[in-house]
Amino acid sequence: MEIRVIDFEILTRNFQPYVDGHKNIESERRRMLESIDPERKEFESIIRRSQSGIVMDESSQKRDAERVRQIQESLMKSDMDFKKKLKEMSDDLNTSVYDQLSQLINDWAIENSIDLVMGKMEVIFNKESIDVTNQIVEVLKQKSLHYQE
């Protein structure tokens with residue numbers, strides 16, 4: 001029986017679709033932060049005004065307190081929506097990457113008459129000679145799926 005191990009983390013970090021997906025997630029995070037910036041600035045302005053020592057009439061104080069409450073609710077909703085969206089994006093990316101890498105590894109194993117390929121994390125001990133991570137990285141390069149920093 002021919003057994004090999006791979007370091008899935010190394011393969012993932014070198015897999016261009018993963019890197020692209022991670023960049024998309026980071027881009028979405030930046031867009032979200034930019035989208036809440038006007039509310040954040042308004043919130044900070046109200047807080048500065050309240051701490052400035054300037055005496056405000058009661059109706060202005062109530063208006064500011066209500067606006068702070070509205071901003072907080074809006075930001076909390078945005079935060080929950082954003083976290084949900086990021087989790088979905090991350091889950092979709094991880095599933096897609098796993099499926100794609102699994103197929104590449106499966107094809108490589110069949111071509112090389114390998115009976116079993118295991119992740120290195122599940123193995124307590126292995127000889128270096130059965131670690132084929134670098135060989136799979138070469139397959140990524142051949143298929144133009146390798147990420148170059």
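**Thresholds and verdicts**

Guide: D79 is partly exposed, at a relative accessible area of 31%.

Visitor: Why is D79 called partly exposed?

Guide: Buried means under 20% relative accessible area, exposed means over 50%, and partly exposed lies in between (1.4 Å probe, protein chains only). D79 has 31%, so the middle class applies.

Visitor: What kind of model is this?

Guide: This is a predicted model, in which local features need pLDDT of at least 70 and side-chain atom pairs count only at pLDDT 80 or more, while totals for chains, interfaces and linings use all residues. Residues are numbered from 1 along each chain as its sequence is written, and side-chain values use heavy atoms, with hydrogens and water left out.

Visitor: How do you know how confident the predictor is in the chain?

Guide: By pLDDT, the predictor's confidence in each residue, from 0 to 100. The chain has a mean of 94, and 100% of its residues reach 70 or more. Confidence is lowest in helix α2 (residues 16–51), at a mean of 94, and highest in strand β1 (residues 3–6), at 97. Helices (H or I, at least four residues) and strands (E, at least two) are DSSP runs, numbered from the N terminus.

Visitor: Why are α2 and α3 called roughly antiparallel?

Guide: Their axes cross at roughly 175° and come within 10 Å. Axes are lines fitted to C-alpha atoms, for helices over the stretch in contact, and angles run from 0 to 180 degrees between N-to-C directions. Under 35 degrees counts as roughly parallel, over 145 as roughly antiparallel, 65 to 115 as roughly perpendicular, and the rest as oblique. The value of roughly 175° is over 145, so the pair is roughly antiparallel.

Visitor: What makes the pair of D79 and K83 a salt bridge?

Guide: The term needs a side-chain nitrogen of Lys or Arg within 4 Å of a carboxyl oxygen of Asp or Glu. For D79 and K83, the closest N and O atoms are 3.1 Å apart. That is within 4 Å, so the pair qualifies. The two residues are four apart in helix α3, which means a separation of about one helical turn. K83 is exposed, at 53%.

Visitor: What makes E28 and R31 a salt bridge, and how far apart in helix α2 are they?

Guide: Their closest N and O atoms are 2.5 Å apart. They are three residues apart in α2, so about one helical turn separates them. E28 is buried, at 13%. R31 is partly exposed, at 45%.

Visitor: Which parts does the D64 and R49 pair tie together?

Guide: D64 and R49 form a salt bridge, with the closest N and O atoms 3.0 Å apart. D64 lies in helix α3 and R49 in helix α2, so the pair joins parts that are 15 residues apart in sequence. D64 is buried, at 9%, and R49 is partly exposed, at 33%.

Visitor: How many salt bridges does the structure hold?

Guide: The structure holds 18. D37, R40, K41 and E44 are linked in a network of salt bridges.

Visitor: How do you know that H146 counts as buried?

Guide: H146 has 15% relative accessibility, and that is under 20%, so the label is buried. H146 is found in the segment after α4 (133–142).

Visitor: What is notable about phi of S113?

Guide: Phi of S113 is near 55°, a positive value in a residue other than glycine. Most residues other than glycine have a negative phi. S113 sits in the loop between α3 and β2 (116–119). Its relative accessibility is 55%, over 50%, so S113 counts as exposed.
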